Amino acid sequence: MLFRLYRVLCLLVFLLTCAANCYADTTYDADYNYNRQLQFQNEYVQKDGGLNDGVSEQVLEKIVKYKVECGNSSVRDNVEAYLSTLPELHRRSFNTPHVSVRKIEERVNEASKVYGYYRPNVKMTFRSKKSAVLVVYVDPGKPVWVKNTHVQILGEALTDPGFMRIFRKMTIKPYTILTHDAYESLKAKIIATALIRGYFDAHFVKNHVYADPTENSADVYLIFNSGRRYRFGKVSFTGDTRYVPAIEPLVQIEESDRFNTDKLSSVSSHLYDTGYFADAEVHPILEETEDYQVPINIHLKRKKFNVVETSLGYATDEGVRGKVKWNMPLLNERGDSLVMQLHASEVKREFLVRYKIPFRNPLSDYFFMQAQQIRENLNDTLDNITSFQGHYVTKEHAPWSVDYGFTVQYEDYSQGIENGNTWTIGPSLRVNFARAFPYRDVRSGENYNFRIFSSSTNLGGDVTFLQLYSSAKWLLSPTRDSRFILRLEQGANIGPDAKSAPPSYRFFVGGDNSVRGFGYKTVSDRDRGGKLSGGRYMTSGTAEIQIPVIEDLRNAWFIDAGQATNEYKSENTVIGVGTGIRYVTPIGLVKVDLGFGVSEKKVPFHLHFGIGPDI
């Protein structure tokens, strides 16, 4: 009789609590849940006589561990995380379970509420009389659904497209389950967007969730006053200010423009990308704000006059390779720079000197002059090249870049049974389009390259020919963790001396980025001595699919085909197929492939290894 009276009293307390309608950021009937938990504890004790009856002293001293059983995996994982924050409990503490059980059930309630379950049913028991593993059974019950949302923006942000994007993607809507993660995330996005876009006086007028667990419904209120948007004030420079003229085109901050920290970050990033500075801080001086205008300070610290970089690596095509780079990044106030670089591998040695002169923009509009010496001893090619080049590069229409060049090159070579030396002199044009996202493990991207080079006896060269080259590569992800790659490549030498072009302008296929299963540049027409001669034409292509295995690891399957020839014939086409792995690491994408040249009677195979993005 007393127990029934107690239950009636609990019900009355619940009804009175609902009527009180206490307001908080998230308001719900906590007393009802507590009384229901207490009721469950009393029932449990009455039924079983306690959780520790008949348990030995040795087991009572063990520290309790938790095993959560719940049909909702999100709730289960969150309950486990919340229970892990409890202080250590010994099984002995469950001799009088009210305190221990209440602590556990409070955590369960908090964890369930995050996903909209305000009235979970919790039961618990130890796995056995010899175990300190407490099995917590959680029935989340019915979720709380959003009944109404009251979202309002006041102030200048009312017409700001940055805020409009947030509310277009808002997941808290009527007839959706109330999740506190989504609610808190929405609040955080609103505040972050306000700070990024210069609403420094912004605040919430009202931000509450009124939940009614008895009706399984909730009303969400978010009323936000952005106030007035601040603007950029004067831009000042400190530190190595003598180099300001070199970087002024990169500082695209105009006084009285609307404030935006993304623009400040972009300026800072561009300053670092020049390679001029060891430190380039761009920050607002909020304490000196006047009339809603925020002054901006840019602090510059140039790099050392001499910067030396070294690297050592390995690639299947070249074997062990090393590089030493000597960089003088900021020679004068105009922003000129000088780079000297030595690259050496088992098959190739290269020394390069490049002098760069900014024109309108040091990143996207500049000239450079280059002298280069190359010695390559590969397969049937022994080539010594000396070249002098002048280039004008513009990237103003990113992601397109255009390179206008003029080359004077002397080549002393032995290609198969052919020996010679040749001057090639003429203009060149390179056009590139590259777009990929994200960089570390590309899920979507495309890359196009177009190249034209012309040499003419009218300009002092020994040969007259025109080289045309183009390549295209596409990468897409049918699912988040799978990849499909398609590559096409085409080259041609045309003109009266096309067959006499020196080896550096002839075409070969085979290798990591061509036809796998064949060695690097091991496929082309052959001379009467049976040695590689290179081809006037080149065509190759790739189709590859990558299938997820485990997180950050994919299995790749590919087919490559191509030929380098003076005359297209079907029998000249080589085909490589194979498989490999792609492993995403902090240093980039690691690629290992085993390719088989299935077009050959005696099938060759090659192991290909590389590091870098797929596109």
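Mentor: A cavity is a set of points, on a 1 Å grid over the protein atoms alone, where a 1.4 Å probe fits but cannot get out. This is a predicted model, in which local features need pLDDT of at least 70 and side-chain atom pairs count only at pLDDT 80 or more, while totals for chains, interfaces and linings use all residues. Residues are numbered from 1 along each chain as its sequence is written, and side-chain values use heavy atoms, without hydrogens and water.

Trainee: What is the volume of the second largest cavity?

Mentor: The structure holds two cavities of 30 Å³ or more. For the second largest, the volume (the space filled by probe spheres set on the points) is about 30 Å³.

Trainee: How many charged residues are in the lining of the second largest cavity?

Mentor: R440, D441, V442, L475, R554, L589, P613 and D614 line the second largest cavity (an atom within 4 Å of a point). By class, this lining has four nonpolar and no polar residues. The number of charged residues is four.

Trainee: Which strands stand at the edges of the open sheet?

Mentor: Three strands (DSSP E runs of at least two residues) form this sheet in the order β2-β4-β3, with mixed pairing. Each edge strand has a single partner, so one side of each is left without a neighbour in the sheet. The edge strands are β2 (65–70) and β3 (121–126).

Trainee: Which residue in β4 stands opposite M124?

Mentor: β3 pairs (at least two DSSP bridges) with β4, residues 133–139, in the antiparallel sense over six bridges. Opposite M124 in β4 stands V136.

Definitions and conventions. 1 Å grid on protein atoms, 1.4 Å probe; cavity = no way out; pocket = protein on both sides within 12 Å on 5 of 7 lines; lining within 4 Å. Nonpolar A, V, L, I, M, F, W, Y, C, P; charged D, E, K, R; others polar. Helix = DSSP H or I, 4+ residues; strand = E, 2+ residues; numbered from the N terminus.
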